[in-house]
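Me: I am new to this structure and would like to go through it step by step. Could you show it to me first?

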Amino acid sequence: MHRFSWALVLFACTVLSSVAASAEPWVEFKSAKYGISMQLWKSSKLRSKEEKGGWGMLEAKNDVATIWAIAKLGKPHTPAEIEDYGIQVTGVASKYWKLLSKGEKTNGWVWYRVYQASDAKWVIRAVLGVGPKGSYLLILKTTTADEMANRAAYLAWVKSVKLF
């Protein structure tokens, strides 16, 4: 087989395995402490920890993608402060972030912003803002192949995030 053919087979296997991993059912996750609910993969491997500066983090993983739900209770932070924290968490410079939408007084948000950052390998979707209990930063990071195969599910995830 030619080198190109093997590369095509390898690419197809990668795409199919990522589709299979992310096409699984979603379930509702809810945290009364942080006042947040959202959809997570049913088989998510969950891990929580307290970050520096008082930010609490929940990490959910499947075979291909990761979701981070990060919250800091109490005094609301400014958009710039939350954006800067998102840049620290992801390691993606601000010049790569694209604002997709923003709003207020929806699903418990006082205000929110939705961003996307991407390159040839990764796609990151982020929802950040302020709600009744504090400041929030929610990030979904996956491969470009997985994002293309599951774009509708990931857009639905963004809309599933509610604060209370």
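Reply: Please keep in mind that this is a predicted model. A helix makes a good starting point. In helix α4, which covers residues 151-160, the buried residues are Tyr 154, Trp 157, Val 158 and Ser 160.

Me: Where around α4 do they sit?

Reply: They are on the same side of α4, because the arc they cover around the axis is only 165°.

Me: And what is exposed on the other side of α4?

Reply: Ala 152 and Lys 159 are exposed there.

Me: Let us turn to α2. Which of its residues are buried?

Reply: Ile 82, Tyr 85, Gly 86 and Thr 90 are the buried residues of α2. Their arc around the axis is only 125°, so they lie on the same side of α2.

Me: What do the buried residues of α2 pack against?

Reply: They pack against five strands, namely β5, β6 (97-106), β7, β8 (122-131) and β9 (134-143).

Me: How does the span of α2 agree with what it should be?

Reply: The 12 residues of α2 should span 16 Å at 1.5 Å a residue, and the C-alpha atoms at its ends are indeed 16 Å apart. Just after α2 comes Gly 91, which takes a positive phi of about 75°.

Me: Changing topic: how many salt bridges does the structure hold?

Reply: There are five salt bridges in the structure. As a general point, side chains of opposite charge can pair when their charged atoms come close.

Me: Which residue of α2 meets Arg 113 in one of them?

Reply: The partner is Glu 83, and the N to O distance in this salt bridge is 2.7 Å. The pair links distant parts of the chain, since Arg 113 is in strand β7 (residues 109-118), Glu 83 is in helix α2 (residues 79-90), and the two are 30 residues apart. Arg 113 is partly exposed, with a relative accessible area of 21%, and Glu 83 is partly exposed as well, at 22%.

Me: What does Arg 47 pair with?

Reply: Its side chain meets that of Glu 59 in a salt bridge, at 3.1 Å from N to O. Arg 47 belongs to strand β3 and Glu 59 to strand β4, so the pair ties together parts that are 12 residues apart in sequence.

Me: Is Glu 59 buried or exposed?

Reply: Glu 59 counts as buried, because its relative accessibility is 10% and the limit for buried is under 20%. Arg 47, by contrast, is partly exposed at 42%.

Me: And what about Lys 45?

Reply: Lys 45 forms a salt bridge with Asp 63, at 3.8 Å from N to O. Lys 45 lies in strand β3 (residues 45-50) and Asp 63 in the loop between β4 (56-61) and β5 (66-73), so the pair ties together parts that are 18 residues apart in sequence. Both Lys 45 and Asp 63 are exposed.

Me: Which residues are linked in a network of salt bridges?

Reply: Arg 125, Glu 147 and Arg 151 are linked in that way.

Me: One last residue: where is Val 114, and what is it in contact with?

Reply: Val 114 is in strand β7 and is buried, with a relative accessible area of 9%. Leaving aside neighbours within four places in sequence, its contacts are Lys 98, Leu 99, Leu 100, Ser 101, Ala 126, Val 127 and Val 158. Val 158 is also one of the buried residues of α4. As for Ala 126, its C-alpha atom is 5.7 Å from that of Val 114, although the two are 12 residues apart along the chain.

Technical notes:
Residues are numbered from 1 along each chain as its sequence is written. This is a predicted model: local features need pLDDT of at least 70, side-chain atom pairs count only at pLDDT 80 or more; totals for chains, interfaces and linings use all residues. Side-chain values use heavy atoms; hydrogens and water are left out. A salt bridge is a side-chain nitrogen of Lys or Arg within 4 Å of a carboxyl oxygen of Asp or Glu. Helices (H or I, at least four residues) and strands (E, at least two) are DSSP runs, numbered from the N terminus. Buried means under 20% relative accessible area, exposed over 50%, partly exposed in between (1.4 Å probe, protein chains only). Contact means heavy atoms within 4.5 Å. The arc is that of the directions from the helix axis to the C-beta atoms. The expected span of a helix is 1.5 Å times one less than its number of residues.
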